[in-house]
Amino acid sequence: MKLRLRGSGRPVTARPLGLRRLRRYSSRLAAPTTGRIALAGYLAGPAVLLAHAFWSRPFELGSVMLYTAAVVVAGRLGGLPCGLFATAVGLGGMAWFELPPPGLGVEALEDKLRLLRFAGLGGLISYLSGRLHLELRGEREGEDYLRHFTQAVRDYGIMSLDPEGRVSAWNEGQERLTGYAAAEILDQPFERLFPPEERDRGTPQRLLREAREKGSVELEGRRLLKDGRQPWCYTLVSPSESGYTVVTQDMTRQRRQEERFRLAIESAPSGMVLVDEQGAIVLVNKQAELLFGYGREELLGRRVELLLPERLRLSHTVYRERYQAQPSARQMGQGRELLARRKDGTEFPVEIGLNPFRSEEGRFVLAAVVDVTERKKSEERLRKANEALERRVADLEEFSYTISHDLRAPLRSIEGFSRILLKRTEGKLGAEERALLDRIARAVNGMDRLIEDVLAFGRATRKPIEMTNVDLNFLVEDVLARYPASAASIRVIGPLAPVRGNEGLVTQILANLLSNAVKFVPPERRPEVEVSTRKRDGWVRLMVKDNGIGIPAAFRERIFRPFERIPGPIAHEGTGMGLAIVRKAAERLGGRVGVESEPGAWSLFWVDLPEAPP
Amino acid sequence: MKRRVILLADDSEDDRFLVGEATASGCSGGEIVMVETGQKALDYLAGAGEFADRKRFPEPGLLLLDLKMPVKSGFETLEEVRRSQRWRYLPVVVLTASSQPRDIEKAYRLLANGYLVKPSTLAELTDMMRTVCDFWLKLNRIPEVES
């Protein structure tokens, strides 16, 4: 991908692999020493030969020239050791064939000097030849290496230019890249490889000039091929002994990947901001521009903190550095409210997803920014609506409580006064009148119970409850103690299984079921009630069976509704709320209610409640 | 023998009548005096104005206090009683129609000694007054305070 880094001012691209190595070899190609040493070697041989001949006696000239020539040839072919060997052989030859045998005046000073001279000159020749030998071999090997290397990297075009910018060498990579064979392009100005507009702008000349001034220059841009295509290429120009070395790579593939990356980011539905290790923005998409109100060019290179309210910038720097020390893909600022700042200074709530990644250019963090203003607004609306609703429920509750409370006050008076009247009129009023007073008092009692039950139903519906393990044995005992049913026989088939529930609600269930069980029994029958439980599949079925009047099938569902009563022979004091309270309480506990019955013989009310965990 | 007196503050005439009736039949040996407002209850305790005559308006051993009264509510009255040097230990039992948990909580927070909900029948009220009388007037002891 292409990133413009702040401060550097030059485009840098993911550098083609192996390029640095290539550059090193291309400079070695232009090593200046070889030619000079070779020249010195070739001149040294004959010069030494002549010098030797000058000092030698005329009759010896031929043989000395022969020996010296042997040393030169040996040194040239085999290097220093061969040269020295030839020198030694020459010395031996001279001593054997041309000097008198030892003891016959051989010790003549001149002869000794002659041998010494030959040895010294032979050594010098050998040394120079040896150097030459090594240089030439090294050069040959270097060339081989480079040739193999440049051939191996066919993805790179490599060419040499002379100082005027004309092509002087051309590798296969160049041929593949541009379509020009070496023969077509050699000695042509390398401007031919640039599109006309680049040529007009003077780019080729600028490249050469900058390469000279800076040591090397890199550039990305379009190049003109033989077939007229203009692919995006990377070019490295470095000066060499004979002019310039130019390496070119077709970046089309990288460019396509880069383009895909850019398009993916551009088309993302959220604002995308790519930030480098220093916190500088290196890439933004259209959404980000719209989100923050900045133009792209205003953001690139700037610190990402620009997009935050001033008061948060410092702390963000700290957070960012901490994040970069241990980057991970995650939501930013979990649990915190994140605020961003537009160009005009307005702030808005955002959610930010962070995605760190590493490329050859370094480490980057891609931030996806979503404006959550609308969502926050609707959340707020929802919260307010909820609050309003809760307030209304609370008001209603208060209202119903007040109503029932204020209804009960006069009832208390009516009841109380009719009772007082009854007491005080003993013996003054007839039995019939006193019966009327008694009916007033009892009607009031009934109404009071009704109000009480409506309140209880309301509480069973709304009151927040806490679930605990409930011991039914204890609760049944408690209820029976509070509602002594003198004539009834109530049998608990225990022990009752413990349930998960709320003591208050379970008590309401038990109290209503038990009082119903003893209430709806024909007057001539003695009420008999059985309480039992049965466990099944995590549920406990609490059953209350009576020997009462029973419930016709048509009513078995309706009796659980508020104010429902069965018309029948027995006039009861029930309010019609009891079973509605039972059902409501059971539902609050996550359970169910139901009834089985044989009209005229028995009813069995059951409630399923969750079994208490052991 | 010391007189056993209950002071009842309740703005409802009906309720005053009924409580009076229930006390008469349930609380043997006890007397009840009644005022209509919380302020009058405070005046009574202070022996101020019309209540100066301690023969007619003897010092009570228990204050039964309704909560919802005009001008000075039961809670405000309770607070003032607890602030007074002379009556800070006077047993005060709230007697109200409200069974709201927040009222009960507030009453105890303001240091009421008990909280009773007015029962709906005269029979129950009579039973209640008998219990109140037996406990607060006959059994209960409170610290002596210099008047």
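User: In this predicted model, over the face of which residue does Lys545(A) lie?

Analyst: The model is a predicted one, and a charge counts as sitting over a ring when, for a lysine, NZ is within 6 Å of the ring centre and within 35 degrees of the ring normal. Lys545(A) lies at 4.7 Å from the ring centre in question, and the residue that carries this ring is Trp602(A).

User: At what distance from the ring centre of Trp606(A) does Arg541(A) lie?

Analyst: Here the charged residue is an arginine, for which the atom considered is CZ, again with a limit of 6 Å from the ring centre. Arg541(A) lies over the face of Trp606(A), and its distance from the ring centre is 3.7 Å.

User: Are the rings of Phe190(A) and Phe194(A) stacked or edge-to-face?

Analyst: A pair of aromatic rings is described by the distance of the centres and the angle of the planes. A search of the whole structure finds 10 aromatic pairs over all chains. For Phe190(A) and Phe194(A), the centres are 5.5 Å apart and the planes stand at 85 degrees, and because an angle over 60 degrees counts in this way, the pair is edge-to-face.

User: Why can the buried residues of H9(A) be said to line one face of the helix?

Analyst: In H9(A), the buried residues are Thr203(A), Pro204(A), Leu207(A), Leu208(A), Glu210(A) and Ala211(A). Seen down the helix axis, these buried residues of H9(A) fall within a limited arc, so they line one face. The face turned away from the buried side carries the exposed residues Arg212(A) and Glu213(A). The arc that holds the buried residues is 165 degrees.

Key: Residues numbered from 1 in each chain as written. Chains lettered and ligands numbered in written order. Predicted model: local features only at pLDDT ≥ 70, side-chain atom pairs only at ≥ 80, totals over all residues. Heavy atoms only, no water. Buried < 20%, exposed > 50% of the residue type's maximum accessible area, 1.4 Å probe, protein only. Helix = DSSP H or I, 4+ residues; strand = E, 2+ residues; numbered from the N terminus. Arc of directions from axis to C-beta. Phe/Tyr/Trp six-rings, centres within 6.5 Å; stacked < 30°, edge-to-face > 60°.
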